[in-house]
Amino acid sequence: MKKSLIALAVLAASGAAMAQSSVQLYGIVDAYVGSTKDTIKSATAESQTVVGSGGLKSNRWGMKGSEDLGGGLKAGFKLEQRFKSDTGEQDGVAFKGESSINLSGNFGAVALGRMGTPYDDLRGKTNPIADTNISPVGDTIKNAKADYTDKTDNTVAYVSPTFNGFSGAVAVSFGENKTNVADATSHSSLKLQYANGPLLVGYGFQKEESQLTAGTPAAATGQTEDKTFNLLAASYDFGVAKLVGGYQTLEIESKGVKQGDNDSLYFGVQAPVAKNINVFFGYAGSEYDAVTGTDYKATGFTLAANYVLSKRTDAYVGYKQIKKENDTTGADMGKVKTLAVGVRHTF
Amino acid sequence: MKKSLIALAVLAASGAAMAQSSVQLYGIVDAYVGSTKDTIKSATAESQTVVGSGGLKSNRWGMKGSEDLGGGLKAGFKLEQRFKSDTGEQDGVAFKGESSINLSGNFGAVALGRMGTPYDDLRGKTNPIADTNISPVGDTIKNAKADYTDKTDNTVAYVSPTFNGFSGAVAVSFGENKTNVADATSHSSLKLQYANGPLLVGYGFQKEESQLTAGTPAAATGQTEDKTFNLLAASYDFGVAKLVGGYQTLEIESKGVKQGDNDSLYFGVQAPVAKNINVFFGYAGSEYDAVTGTDYKATGFTLAANYVLSKRTDAYVGYKQIKKENDTTGADMGKVKTLAVGVRHTF
Amino acid sequence: MKKSLIALAVLAASGAAMAQSSVQLYGIVDAYVGSTKDTIKSATAESQTVVGSGGLKSNRWGMKGSEDLGGGLKAGFKLEQRFKSDTGEQDGVAFKGESSINLSGNFGAVALGRMGTPYDDLRGKTNPIADTNISPVGDTIKNAKADYTDKTDNTVAYVSPTFNGFSGAVAVSFGENKTNVADATSHSSLKLQYANGPLLVGYGFQKEESQLTAGTPAAATGQTEDKTFNLLAASYDFGVAKLVGGYQTLEIESKGVKQGDNDSLYFGVQAPVAKNINVFFGYAGSEYDAVTGTDYKATGFTLAANYVLSKRTDAYVGYKQIKKENDTTGADMGKVKTLAVGVRHTF
């Protein structure tokens with residue numbers, strides 16, 4: 001993300017002193033023309049010619065700032081709205097992308113508000129084509145059963161400093177809906193990583209407990225639907241190509257009774273093949289084994305290339321395909337196919 | 001609270017190179033106090049004392065930017081929100097005004113996203129008092145039957161360079177709702193114009209095809225409700241006064257069967273009558289001839305003046321009246337009257 | 001549309017003229033971690049661990065600007081959005097905080113749009129801990145019966161210049177919903193104040209007339225539900241401590257028949273107790289005497305302290321408690337308790 005002109009100009013204005021206070025206006029506009037067909041959602045779906053939003057990166061605009069409080073202490077904030085560039089619609093709440101305030105120093109950083117989880121940070125860093133409509137990972141895993149929640153409200157987070165390449169982060173999100181007969185919804189998330197030169201390797205953990213309303217048996221204190229995610233992920237930049245990948249497990253429980261396992265593998269490679277041209281390949285596979293009931297399986301891949309027009313703008317072409325199967329019977333349950341030719345601009 | 005502008009302004013001092021990349025925060029705030037009475041909507045309507053929004057120009061704020069990519073190529077974006085200055089409410093989707101990304105060069109410009117149609121561009125340029133609550137044109141035509149859609153989602157547009165005053169633009173908007181038994185909604189729009197000194201003359205075409213859901217007979221592939229607009233419009237600036245006007249035809253079809261014609265004429269004059277004072281007059285008349293059923297007729301005019309307080313701010317007074325008749329029986333169907341005294345500020 | 005950046009930048013190069021035109025991007029991000037329990041709303045409510053929004057000041061971002069028109073005349077605007085920092089949700093309409101345009105000069109200022117009422121201005125200036133989730137005043141009064149409307153749509157306001165410390169403001173807000181059988185909703189508000197050195201003393205009046213729909217007897221012209229507020233308020237800064245306080249009366253009428261009185265008293269003290277540390281105490285009591293039916297009583301207090309990290313950032317801790325009683329029977333109707341430890345940042 002580029003520091004907008006406002007911040008840069010403040011720096012230009014009066015030197016280092018002014019760097020202490022600034023608000024930066026920033027964003028990404030990414031749109032493509034292409035076609036999409038989703039026979040998983042509807043067996044009779046037709047291929048649609050589309051203008052789509054966020055092929056390479058979700059559309060956003062935001063305000064962020066940082067203030068030097070002296071003694072190594074800093075205060076910062078970030079407010080980020082997501083939108084759909086093809087229709088001009090807001091995507092989610094006003095500041096779905098982030099709404100946070102933080103204090104940072106030698107001790108690390110503490111943040112309050114709505115923000116991406118530590119788990120999401122590690123997944124994002126090791127996704128083949130991160131955070132995009134043409135990424136194969138999230139959609140493939142969701143089509144098997146379920147993927148993690150990337151951003152949480154009402155969150156307190158702590159990010160450690162880096163010690164010899166090692167760092168960690170932990171976040172807790174309060175549901176604020178505790179009653180006299182039910183536990184509150186809550187999310188907790190953790191990340192441990194080692195980053196050194198071309199290597200990144202990390203472990204992520206996220207537990208999502210959702211309050212169950214009274215049923216049969218009545219939901220009592222402690223009764224929630226729980227999703228527990230574990231992730232091992234890594235990336236290595238060989239120079240001629242960068243490899244990324246990860247393995248994720250998910251266990252789903254309801255009122256303490258196991259419902260099933262959803263295990264997923266993803267990997268990708270991105271390589272600069274010519275001046276200003278990069279190619280990307282990504283793959284994801286995910287299987288859901290239910291304790292009782294139907295098993296599902298989804299596999300997906302993306303092949304894409306971009307042409308770098310400037311540090312802030314690139315043009316791209318990409319193709320994504322996801323396939324879903326009934327993993328008990330082996331029956332085909334449809335495909336998602338998306339072809340996109342687009343432009344991304346960062347400000 | 002920080003003066004962002006100071007920061008931005010200092011940027012200028014650092015020279016031409018910085019002009020290559022920027023984000024601009026811009027807008028219009030326009031509000032008036034006045035009265036309005038609409039007996040077309042309700043025969044028993046009373047006159048309301050109001051604070052109204054956008055007398056001269058719709059309220060908006062936005063971000064836009066342009067980046068020089070070298071070799072004559074540029075990337076640009078525009079995100080524009082509309083709002084009601086009298087209540088602070090958002091008007092429509094987040095970026096109703098525009099949400100687009102474009103690449104431009106010697107070949108012209110290609111844009112993706114949500115934007116005004118080429119047809120709208122020509123209508124806007126020749127409206128007596130463009131894009132305003134006190135303009136007589138749009139409301140008069142809508143009261144007869146129907147006017148065109150000014151902005152479209154999911155749009156691909158091409159704007160040509162100008163050759164000896166001649167230029168053109170074309171846009172296609174995809175409905176993305178094709179099914180195995182129905183065509184997608186789609187809009188297409190075209191503009192050809194000649195602009196030379198004081199003269200502008202142009203032709204516009206817009207076709208709006210709306211998907212019909214199954215009925216009797218069942219909507220099959222190709223069955224849509226179609227609105228076809230044609231426009232001849234011109235303006236001439238005599239210096240002592242500027243004349244504008246246009247003639248618009250609309251044919252409405254449903255499942256290929258003609259429903260009726262809605263023909264409209266509008267014209268206006270704006271003249272600087274004293275230092276910093278301009279007067280405006282506009283007229284519109286529109287008739288709907290139904291193949292079967294009732295015909296309607298609407299006529300409207302606006303008389304207005306503004307006082308230029310600065311390049312960015314003016315005060316204004318205006319009066320608009322629209323009259324609707326049953327054109328089969330000649331019966332009066334009511335009037336809309338609006339009186340406004342307001343201020344407009346551009347930033 | 002004007003290229004604000006370029007224009008502004010060019011102004012900067014020309015020196016002092018720059019201040020004449022500007023758009024400022026500003027805001028506040030305020031979040032806390034704490035706990036809250038509200039047995040007034042629900043007798044079985046549990047204590048919730050929360051991340052909360054706006055402990056010391058409501059979260060907001062906005063754009064504002066001022067243009068010197070020459071001859072002492074200025075044009076200005078303000079667009080301010082409110083949001084919840086803990087969830088990223090928009091709070092109310094797009095520009096709930098303010099959406100206004102104004103002209104000001106030696107004569108004072110005239111403003112159009114949505115804005116805080118003059119009454120609200122006086123209440124805000126004399127609130128112990130203004131405009132915050134941990135302020136005791138508004139919530140206490142609302143729990144007794146009703147408090148005033150702080151911001152109004154469709155408003156015309158006039159603010160006088162200051163003569164020897166005396167100034168005033170008046171605002172009228174039109175409901176724009178007059179019918180042939182019912183008066184429009186309308187709000188009118190007034191403020192008179194004297195400010196001189198450490199002293200501020202003021203009188204506020206606000207009348208809120210709400211249109212009643214037809215009932216038994218049918219609502220005829222002039223029939224509204226009326227709330228009439230009167231306020232005497234003052235503050236005095238002794239240096240070692242600042243005292244604030246006010247007394248508010250509210251009379252509620254329906255169709256000209258008195259329903260009851262809601263009288264309220266509030267006061268507070270804020271004192272700098274050490275370098276960069278301030279403590280705050282606030283109290284509010286409110287009684288509702290119904291002509292027929294149940295009387296209510298609410299009392300509340302807040303104890304808080306902040307640590308000033310910079311001119312733009314502070315950390316704070318606060319505790320608020322509100323208690324409601326049935327003032328006819330003396331029965332306890334519950335308590336609201338909020339504990340907050342937070343950070344506020346202004347940009």
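Here are three short exercises on a predicted model, each with a worked solution.

**Exercise 1. Chain A as a whole**

Work out which secondary structure chain A has, and how its radius of gyration sits against the globule rule.

*Solution.*
Step 1: Start with the elements. Chain A comes to 3 helices and 17 strands.
Step 2: Now the radius of gyration, which is 22 Å for chain A, close to the 20 Å that the globule rule gives for 347 residues, so chain A is as compact as a globular protein of that length.
Step 3: For the outline, look along the principal axes, where the C-alpha trace of chain A spans about 70 × 55 × 40 Å.
Step 4: Next, burial and contacts. Of the 347 residues in chain A, 49% count as buried. Take the contacts in chain A between residues at least 6 apart in sequence, and 56% of them join residues at least 24 apart.
Step 5: Finish with the surface and the charges. About 14,100 Å² of chain A is exposed, with carbon and sulfur atoms supplying 55% of that area. The side chains of chain A include 35 positive and 35 negative ones, and the centres of these two sets lie 7 Å apart.

**Exercise 2. One serine in a loop**

Decide whether Ser85(A) is buried or exposed, and find what it touches.

*Solution.*
Step 1: Locate the residue. Ser85(A) sits in the loop between strand 4 (73-82) and strand 5 (98-105) of chain A.
Step 2: Check its accessibility. The relative accessible area of Ser85(A) is 1%, and buried means under 20%, so this serine is buried.
Step 3: List the partners, skipping neighbours within four places in sequence. From chain A, Ser85(A) is in contact with Val29(A), Asp30(A), Ala31(A), Gly52(A), Ser53(A), Gly54(A) and Asn59(A). Chain B joins in too, with Ser99(B), Gly113(B) and Arg114(B) in contact with Ser85(A).

**Exercise 3. Following strands in chain B**

Trace how strand 15 of chain B pairs with strand 14 and with strand 16.

*Solution.*
Step 1: Take strand 14 (residues 277-290) and strand 15 (residues 296-308) of chain B: they pair in the antiparallel sense over 12 bridges. For a landmark, find Gly285(B), which stands opposite Thr299(B) in strand 15.
Step 2: Look at the turn. The hairpin of strands 14 and 15 of chain B has 5 residues between the strands, and Gly293(B) there takes a positive phi near 100°.
Step 3: Move on to strand 16 (residues 313-326) of chain B, which pairs with strand 15 in the antiparallel sense over 13 bridges. Here Phe301(B) has Gln321(B) as its bridge partner.
Step 4: Close the path with the connection: a hairpin through 4 residues joins strand 15 of chain B to strand 16.

Notes. Residues are numbered from 1 along each chain as its sequence is written. Chains are lettered from A and ligands numbered from 1 in the order in which they are written. This is a predicted model: local features need pLDDT of at least 70, side-chain atom pairs count only at pLDDT 80 or more; totals for chains, interfaces and linings use all residues. Side-chain values use heavy atoms; hydrogens and water are left out. Two strands pair if DSSP finds at least two bridges between them. Helices (H or I, at least four residues) and strands (E, at least two) are DSSP runs, numbered from the N terminus. The radius of gyration is taken over C-alpha atoms; the globule rule is 2.2 Å times the number of residues to the power 0.38. Buried means under 20% relative accessible area, exposed over 50%, partly exposed in between (1.4 Å probe, protein chains only). Contact means heavy atoms within 4.5 Å. Accessible areas come from the Shrake-Rupley method with a 1.4 Å probe; for residues, only the protein chains shown count as cover. Lys and Arg count as positive and Asp and Glu as negative; His and the chain ends are not counted. The place of a charge is taken as NZ of Lys, CZ of Arg, CG of Asp or CD of Glu.
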